[in-house]
Amino acid sequence: MNLGFVIGVFGVLILSHAAYSTIQYRGLLKIMEEEFSGPTMNVVLELIIGLVLCMWAALTFPGKFLSIHPDSDENRAVSLPDNSDFMIFNHRGRLFPPEVNMKF
């Protein structure tokens, strides 16, 4: 397991604890018949720490990046499938001229 994955799991656990603490605090306020004005400072601190840990884990633990070049051997999405039953060549694109010289 990678360090980024472990930190991400730890961040999710901190966020879950902050949610549980907020629910418990609101239940306590209902028993005491007081108005809920916002979460306590320790819950806000947990939310900020959990958010930072989750964002750091998401940025440092990416998946494998694939090549975007069409001629690359790793890029299999560009190659045409062997089954040509679902290929349609008669579509509305034939109404447009084949070469459009537009400048952006």
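Just after helix H1, Glu 33 takes a positive phi of about 55°. That is a useful place to enter this model, which is predicted.

Step back from Glu 33 into the helix before it. H1 covers residues 3–31, 29 residues in total. From its first C-alpha to its last, H1 reaches 42 Å. That is close to the 42 Å expected at 1.5 Å a residue.

Now look at the buried side of the account. In H1, the buried residues are Gly 4, Ile 7, Gly 8, Gly 11, Ile 14, Ala 18, Ser 21 and Leu 29. Their cover includes helix H2, residues 41–60.

Take one of them, Ser 21, which sits in H1. Its relative accessibility is 16%, so Ser 21 counts as buried; the cut-off is under 20%. Setting aside neighbours within four places in sequence, Ser 21 is in contact with Val 43 and Glu 46.

Next comes the UniProt record. An unreviewed entry there lists residues 42–61 as "transmembrane region". In the model, this span is 95% helix and 0% strand. Its end C-alpha atoms lie 28 Å apart.

Phe 61 lies in the segment after H2. At 37% relative accessibility, Phe 61 counts as partly exposed, because that class runs between the 20% and 50% limits. Phe 61 also helps make a nonpolar surface patch of about 420 Å². The other members of that patch are Phe 5, Val 6, Val 9 and Leu 13.

Notes: Residues are numbered from 1 along each chain as its sequence is written. This is a predicted model: local features need pLDDT of at least 70, side-chain atom pairs count only at pLDDT 80 or more; totals for chains, interfaces and linings use all residues. Side-chain values use heavy atoms; hydrogens and water are left out. Helices (H or I, at least four residues) and strands (E, at least two) are DSSP runs, numbered from the N terminus. The expected span of a helix is 1.5 Å times one less than its number of residues. Buried means under 20% relative accessible area, exposed over 50%, partly exposed in between (1.4 Å probe, protein chains only). Contact means heavy atoms within 4.5 Å. UniProt positions are given in the numbering used here, feature names are shortened, and annotations may be inferred rather than shown by experiment. Patches are made of residues with over 30% relative accessible area and no salt bridge: like charges are joined within 9 Å, nonpolar side chains (Val, Leu, Ile, Met, Phe, Trp, Tyr) within 5 Å. Accessible areas come from the Shrake-Rupley method with a 1.4 Å probe; for residues, only the protein chains shown count as cover. A salt bridge is a side-chain nitrogen of Lys or Arg within 4 Å of a carboxyl oxygen of Asp or Glu.
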